[in-house]
Amino acid sequence: MSRRTLAVVSAGLSQPSSTRLLADQLAAATRDELARAGVEVELRPVDLRDHAHDVVNNLLTGFPPPALRQTLDAVAGADGVIAVTPIFNGSYNGLFKSFFDVLDSGTLVDRPVLIAATGGTARHSLALEHALRPMFAYLRAVVVPTAVFAAPEDWSGGTAEGALRARIVRAGGELADQVGRRPTAAPPDPFALTTSFDDLLAGRDQP
């Protein structure tokens, strides 16, 4: 049996979090689809709430603290990424954007990504297409066609039902297909330079 890893990034700020709940259900749908294809899956959940201070410190200093470095490496070494954010003011929240800003350049190139979001009203669902998808396209990730948005009315007793459940299953299947057809991601090189010598000598920040 082959083996793949999925990084499940959730930017929910509250506990409990509907954003984390959606992320977990997307991860389960993807894992189940890969299992049916004979692929063993390791899930790597990433709650950005736990790394908020470290992300800010990384932005200020250019260097991640050890706990954040471990998380960044987990995302970099994953075969696929599920990225879920709450929608604030019509877009992803600041913590979500900041985390992907400190991810090493080129990490998500050709990496399958499933995007999803939660919000207080279904009108926010457009943020998936005008904010999240362009961001990951800029990072040169392979974003699966189905994006998943969950409003409060989509949940019934804390579970996804009806149309939301159908979208979760469809999106999970698309991510599983992309992950399953690609070779296993190589682990990050701990000795690889992420900044040129010229930039280091000039004291310039990383791009």
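On one side of helix α2, His-53 and Leu-60 are exposed, meaning over 50% relative accessible area, while buried means under 20% and partly exposed lies in between (1.4 Å probe, protein chains only). This is a predicted model, where local features need pLDDT of at least 70, side-chain atom pairs count only at pLDDT 80 or more, and totals for chains, interfaces and linings use all residues. Residues are numbered from 1 along each chain as its sequence is written, and side-chain values use heavy atoms, with hydrogens and water left out.

Now for the other face of α2, which spans residues 52-61. Asp-54, Val-55 and Asn-58 are the buried ones here. They sit on the same side of α2 because they cover an arc of only 105° around the axis, taken from the directions from the helix axis to the C-beta atoms. Their cover includes α3 (66-76) and α4 (94-102). Right after α2 comes Gly-62, with a positive phi near 85°.

Here's who meets whom between α2 and α4, with contact meaning heavy atoms within 4.5 Å:

| Helix | Residues in contact |
|---|---|
| α2 | Ala-52, Val-55, Asn-58, Leu-59 |
| α4 | Leu-95, Ser-98, Phe-99, Asp-101, Val-102 |

By class, that contact has six nonpolar, two polar and one charged residues. As for geometry, α2 and α4 pack at about 50°, their axes 10 Å apart. The two helices are therefore oblique to each other, the label for angles that aren't under 35 degrees (roughly parallel), over 145 (roughly antiparallel) or 65 to 115 (roughly perpendicular).

Conventions: Helices (H or I, at least four residues) and strands (E, at least two) are DSSP runs, numbered from the N terminus. Axes are lines fitted to C-alpha atoms, for helices over the stretch in contact, and angles run from 0 to 180 degrees between N-to-C directions. Ala, Val, Leu, Ile, Met, Phe, Trp, Tyr, Cys and Pro count as nonpolar, Asp, Glu, Lys and Arg as charged, and the others, Gly among them, as polar.
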